[in-house]
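Take a look at the model below. The walk-through starts with a single residue and widens out to the whole chain.

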Amino acid sequence: MTPAEVFSDTHQDLVKDGERWMKDTATSCTIVTVLIATMVFAATVTVPGGNDSVKGHPLLSKQKAFAIFGISDALALFSSITSVLMFLLILTSRYAEEDFLYTLPKRLIIGLITLFVSILSMMAAFGAILYLVFGDNKTWILIPIVALASIPITLFGAWQFPLLVEMFQSTYGQSIFRKQSDRVLR
């Protein structure tokens, strides 16, 4: 047997454990991203503040916070859909040994980054709407909105950042499994 065949034969359980972990992680993250996509899509369809009965334009469209809401909501929708696609690609992967070196970690990295962007954008859109509805142009109300909105963003970032760093280093960092020319970001 070649060294690669011996390695594959002795590490079959590790591949199965890696597949199970990757599927569990992708499934959990898919649920979260689908919920975010559903919420931000619903927020886009139901315009905050209502519409003008004559022309049908949003009543709050002249406010800066409404533009922030629209941009943040769209970014949250697009990034959450991208995240869902990445996690679905992980779930439908073939889970071959060579996929664990580059393909699966790359998809997980992209999925986690776009999930973080969607959470950040969703909270920005939510904060903008709270300011529009309850702020009455009082800037002091932004302080509690930003403080409370930063809690889930900080928690997600703090808990997932170590995993993201580890995945990035193992995928793009120094490795004994690739030739020197393969170490460039693909």
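Which residues does leucine 164 touch, not counting residues up to four places away in sequence? They are Ile109, Leu112 and Ile113. Keep in mind that this is a predicted model. Leucine 164 sits in helix H5. Its relative accessible area is 18%. Buried means under 20%, so leucine 164 counts as buried. Leucine 104 offers a reference point: 60 residues separate it from leucine 164 along the chain, and the two C-alpha atoms are 13 Å apart.

Now move to the interior. The largest nonpolar core holds 27 residues. Phe87, Ile90, Leu108, Leu112 and Ile119 have the most contacts inside it. Four elements give two or more residues to this core: helix H2 (12-45), helix H3 (64-91), helix H4 (103-134) and helix H5 (142-172). H4 provides the largest share, eight residues. Another core lies apart from this one. It has eleven residues, including Phe66, Ala128, Ile129 and Leu132.

What does phenylalanine 87 touch, leaving aside residues up to four places away in sequence? Its partners are Ala26, Cys29, Thr30, Thr33, Leu108, Gly111 and Leu112. Leu112 is thus a partner of phenylalanine 87 and also of leucine 164.

Turn to the surface. Leu148, Ile151, Leu155 and Trp159 form a nonpolar patch there. Together they have about 470 Å² of accessible area. Is leucine 155, a member of helix H5, buried, partly exposed or exposed? Its relative accessibility is 38%. The partly exposed class runs between the 20% and 50% cut-offs, so leucine 155 belongs there. Helix H5 therefore carries both the buried leucine 164 and the partly exposed leucine 155.

Step back to the whole chain. The secondary structure comes to five helices and zero strands. From the N terminus on, the order is α-α-α-α-α. The radius of gyration is 22 Å, well over the 16 Å that the globule rule gives for 186 residues, so the chain is more spread out than a compact globule. Along the principal axes, the C-alpha atoms fill a box of roughly 80 × 30 × 30 Å.

Burial and contacts complete the picture. Of the 186 residues, 34% count as buried. The chain exposes about 11800 Å², and carbon and sulfur atoms supply 69% of that area. Among contacts between residues at least 6 apart in sequence, 71% join residues at least 24 apart.

Definitions and conventions:
Residues are numbered from 1 along each chain as its sequence is written. This is a predicted model: local features need pLDDT of at least 70, side-chain atom pairs count only at pLDDT 80 or more; totals for chains, interfaces and linings use all residues. Side-chain values use heavy atoms; hydrogens and water are left out. A nonpolar core is a set of buried Ala, Val, Leu, Ile, Met, Phe, Trp, Tyr and Cys residues joined through side-chain atoms within 4.5 Å. Buried means under 20% relative accessible area, exposed over 50%, partly exposed in between (1.4 Å probe, protein chains only). Contact means heavy atoms within 4.5 Å. Patches are made of residues with over 30% relative accessible area and no salt bridge: like charges are joined within 9 Å, nonpolar side chains (Val, Leu, Ile, Met, Phe, Trp, Tyr) within 5 Å. Accessible areas come from the Shrake-Rupley method with a 1.4 Å probe; for residues, only the protein chains shown count as cover. A salt bridge is a side-chain nitrogen of Lys or Arg within 4 Å of a carboxyl oxygen of Asp or Glu. The radius of gyration is taken over C-alpha atoms; the globule rule is 2.2 Å times the number of residues to the power 0.38.
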